[in-house]
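Hi everyone, thanks for making the time. Let me put the sequence and the structure up on the screen, and then I'll talk you through some of what I found.

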Amino acid sequence: MRLSASAMPLDAPEPAGAPHASACQRYAAVRAATLRLAEPLSPEDCGAQSMTEASPAKWHLAHTAWFFETFILEAHEEDFAPFDPEFRVLFNSYYQGVGAQHPRAQRGLLTRPDLATVLTWRDDVDARMQRLLQREPLAPEVAGLLELGLQHEQQHQELLLTDIKHLLSCNPTWPAYQAPPAAPPPPPAAPLVRWRRFEGGLVHIGHDGIGFAFDNETPRHPVWLQPYELATRLVTNAEYLAFVMAGGYGEPAHWLAEGWDWRASQGIGHPLYWRQDGHGWCEFTLAGRQPLVPAQPVVHLSYYEADAYARWAGARLPTEAEWEAAATSATPCLSGHFADQGVLHPLPAPADVPEGQPAQLFGDVWEWTQSSYAPYPGFTPAAGAVGEYNGKFMVNQYVLRGGSCATPSGHVRASYRNFFPAGARWQFSGLRLARDVR
């Protein structure tokens, strides 16, 4: 596979929304980052689809080009002509307002266009977008759609990694996406679980209006919270393994009824990508098979598994309002372990966090909350077809917070709401415990 020379930035890419980067620079940086993620993949890797919920890497590369051609170039480019009219249907994800879509479960059957054609299309879209963006100052509508498109592409960067991880895990040889990082010193034992108390009361959650936000983060609104406590770090592999070894997957008292049926119907007895062999427990990572590191956060859990563990541990999952209030008051800085570090796997909690201060609120793993994904009071979807982006999915899903080791840095904030069905576990999802103040 090749990188597009026209999209390769001269300097390190700045995150979408960086205040000092021009529109052209930010566009080129984000687009080039997507190509770098696809660089280790073969054309065969890029075309395969491992399950309905995952998409081929080629589809991610094409769909993000589709977004800019459909929502920006079609409306604002002089003498617009699509690169290929058929692509409007093939690479539309779910925008009914735009037209028909190819079935999601059949994206892996799209052997045509081939990967080379998709990359040529990306080059074509990038050249046309750069010409459009050079007409500064940008019209407000174009600037808004550009920012939405860049944030949307960063989401697909994470999805590309999670989807290719699932695909490679289906190969019995467990091939690696990337070489393991240089061997670090053995990690220390995870710090003891401590609890940070929050007094609750009337808090405000939702985006504060400064900088970019998706529409589902609005409007900002008041929520009343009872006093609560949050664990100061994420649940680790060692702690979750204790649940497994104690028979937690075989005890219905820990499980929601639907979760128990889900577990039983699929014969699930441990997290996705865990295996036990002659050398002990190991897990599949984007660097291939690795021994299970006790101090690392447990990852690739469904909501059902996270909830069952919390019950077994005598705690519960936080609500999204509790999580956001804690993230806003306890950790105003959005520092954490994100994809830009290149590890692409959760890391142990840092040892230098002040006692009682929550760690790992951002990065490492998306944290399940017990909150159903629903609109905030007064929510209004964005106008036009882009309004379908979030509003239509506000049912039968749960909210996750904080970002992960596969999330681009600069992409998340305290108000960011991710969401997945309760049985989803191919994403980098884990948990932090919460409990009521007694």
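I'll go through one helix, the spaces it helps to line, and then a few backbone details.

Before anything else, please keep in mind that this is a predicted model.

Okay, let's begin with helix α6, residues 140-169. Does its length make sense? Its 30 residues, at 1.5 Å a residue, should span 44 Å, and the end C-alpha atoms are indeed 44 Å apart, so the two agree. How much of α6 is buried? Quite a lot: 24 of the 30 residues, so the helix is mostly covered. For one residue as an example, take Leu146, which lies in α6. With a relative accessible area of 1%, Leu146 is well under the 20% cut-off and therefore counts as buried. If you go back 19 residues along the chain from Leu146 you reach Ala127, and the C-alpha atoms of the two are separated by 15 Å.

Now, which way does α3 run against α6? The two helices pack at an angle of about 175°, and their axes are 9 Å apart. Anything over 145 degrees counts as roughly antiparallel, so that is what we call α3 relative to α6. As for what sits in that contact, there are 13 nonpolar residues, seven polar ones and three charged ones.

On to the empty spaces. The largest pocket holds about 1,100 Å³ of space. It is lined by 46 residues, and the closest to its centre are Glu53, Arg104, Leu159, Phe420 and Trp426. Sorted by class, the lining of this pocket has 20 nonpolar, 18 polar and eight charged residues.

Which elements supply at least two residues of that lining? They are α3 (57-76), α6, α8 (257-266), α11 (388-391) and the strand β10 (418-420). Our helix α6 gives the most to the lining of the largest pocket, with eight residues.

There is also a cavity, and the structure holds just one of 30 Å³ or more. About 50 Å³ of space lies in it. Its lining is made of 13 residues, and Ala48, Ser55, Pro56, Asp163 and Ile164 are the closest to the centre. Here we meet the pair of helices again: α3 and α6 each supply at least two of the lining residues, and α6 gives the most, with four. By class, the cavity lining splits into seven nonpolar, four polar and two charged residues.

Last part: the backbone. Where are the cis peptide bonds I'd like you to look at? One runs from Arg112 to Pro113, with omega near 0°. Pro113 lies in the loop between α4 (87-90) and α5 (115-133). Another runs from Thr218 to Pro219, with omega near -5°, and Pro219 lies in the loop between the strands β2 (201-205) and β3 (221-225).

Then there are two residues with positive phi that are not glycines. For Asp79, phi is near 55°, and this residue is found in the loop between α3 and α4. Is Asp79 buried or exposed? Its relative accessible area is 78%, which is over the 50% cut-off, so Asp79 is exposed.

The other is Asn396, with a phi of about 60°. Look for Asn396 in the loop between α11 and β9 (398-401). Asn396 is exposed as well, because its relative accessible area of 69% is over 50%.

To wrap up, if you take one thing away, make it α6: it is mostly covered, and it gives the most to the lining of both the largest pocket and the largest cavity. Thanks, that's it from me.

Key
Residues are numbered from 1 along each chain as its sequence is written. This is a predicted model: local features need pLDDT of at least 70, side-chain atom pairs count only at pLDDT 80 or more; totals for chains, interfaces and linings use all residues. Side-chain values use heavy atoms; hydrogens and water are left out. On a 1 Å grid over the protein atoms alone, a cavity is a set of points where a 1.4 Å probe fits but cannot get out, and a pocket is an open set with protein on both sides within 12 Å along at least five of seven lines; lining residues have an atom within 4 Å of a point. Grid points are joined across faces, edges and corners, and a volume is the space filled by probe spheres set on the points. Ala, Val, Leu, Ile, Met, Phe, Trp, Tyr, Cys and Pro count as nonpolar, Asp, Glu, Lys and Arg as charged, and the others, Gly among them, as polar. The expected span of a helix is 1.5 Å times one less than its number of residues. Buried means under 20% relative accessible area, exposed over 50%, partly exposed in between (1.4 Å probe, protein chains only). Axes are lines fitted to C-alpha atoms, for helices over the stretch in contact, and angles run from 0 to 180 degrees between N-to-C directions. Angles under 35 degrees count as roughly parallel, over 145 as roughly antiparallel, 65 to 115 as roughly perpendicular and the rest as oblique.
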